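Hi everyone, thanks for coming. I'll walk you through one structure today, so let's put it up on the screen.

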Protein chains: 2
Amino acid sequence: MFDEICPSDLSPIRFGDKWTGMVIRCLEGGPRRFSELRVPLRGITAKVLTKSLRTMERDGLVTRRAADRQVVYELTLLGRSMLAPMDTACAWAREHWDELLDAREGVADHRG
Amino acid sequence: MFDEICPSDLSPIRFGDKWTGMVIRCLEGGPRRFSELRVPLRGITAKVLTKSLRTMERDGLVTRRAADRQVVYELTLLGRSMLAPMDTACAWAREHWDELLDAREGVADHRG
DNA sequence: GTAGCCGGTATCCGAACGGATACCACCTGC
DNA sequence: GCAGGTGGTATCCGTTCGGATACCGGCTAC
């Protein structure tokens, strides 16, 4: 999923920790439950997702709401405001995709 | 210096490693020597700066040129192109400075 | 009662990050 | 000959990051 949304592995631009950017993308469409977030974030362990979400909560990017025997996470206005710089970053990465790739492959050619 | 240029400590947006964004800002005005970079980057050790610069070189953001018994680092076009998303990120951070600060202080109030 | 989902926590681990310190070769100026 | 600057490298160190694994209480379905 995220291979298509955002070419984030190669880009040097990061939003928060490894997963924060992807979590924000997952919450872009509305509130999501803990286990709903784990699906698109293939392979993330509960511990790591919990830690990311707690940090994001601390930083005012998401809210955690435990209601009616389920937990939902939702973007705050601040969290939602990060979508703009994220779009800029993704546009930059897409625009310079080839150059980024060339730089890494050049290294691979020389040393790998 | 960098406290004024970019409120980067509080912002969750990062470009490369800890120093990459600041190095790019330092090189914005033209080529700089190794020791010239160390001045504004107060406290950076030679090892860490070397590592940052080598990574940036590998990623095609800077060039290293050893000429006439001195070494100069210069932004590539790719490196220079990062100034645009960096400006966006800085603008975002400035715009949401108070919210970012509140989130952290709220934590400090509760737990610190 | 027991199997399963939900939303985690606890513990351990290896790798990477960032820094401190010491050291180095090379050249310049005195 | 010796101090000082330049552009590093080598070694060690504590912290953080991200992940693997095991386990947990609460609830539901059968």
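**Where the DNA meets the protein**

Let's start at one spot: the side chain of Ser35(B) has an N or O atom 2.7 Å from a phosphate oxygen of DNA strand D. That's a polar contact, meaning a pair of N or O atoms within 3.5 Å; within protein, one must be able to donate a hydrogen and the other to accept it, and residues adjacent in sequence count only if both atoms are side-chain atoms.

Before going on, some housekeeping: this is a predicted model, where local features need pLDDT of at least 70 and side-chain atom pairs count only at pLDDT 80 or more, while totals for chains, interfaces and linings use all residues. Residues are numbered from 1 along each chain as its sequence is written, chains are lettered from A and ligands numbered from 1 in the order in which they are written, and side-chain values use heavy atoms, with hydrogens and water left out.

Back to the DNA. Arg54(B) puts a polar side-chain atom 3.4 Å from a phosphate oxygen of strand D, and over in the other chain, Lys51(A) has a side-chain N or O atom 3.4 Å from a phosphate oxygen of that strand. Which elements give two or more residues to the surface near DNA strand D? They are α4 (46–58) of chain A, plus α3 (34–38), α4 (46–58) and β4 (70–75) of chain B. Helices here are DSSP runs of H or I with at least four residues, strands are runs of E with at least two, and both are numbered from the N terminus. The most comes from α4(B), with 4 residues.

In total, 20 residues surround strand D, and the closest include Lys18(A) and Tyr73(B). "Near" means that a heavy atom of the residue lies within 4 Å.

Now the sheet in chain B. It's open, with 3 strands in the order β2-β4-β3 and antiparallel pairing; strands pair if DSSP finds at least two bridges between them. The edges are β2 (32–33) and β3 (62–67), each pairing on one side only. Between β2(B) and β4(B) there are 2 bridges, and Arg33(B) has Val72(B) as its bridge partner.

Last, confidence: pLDDT is the predictor's confidence in each residue, from 0 to 100. Chain A averages 88, with 87% of the residues at 70 or above. Its helix α1 (residues 2–5) has the lowest mean among the chain's elements, 54, and α5 (residues 77–81) the highest, 98. Where pLDDT is low, the predicted coordinates should not be read in detail.
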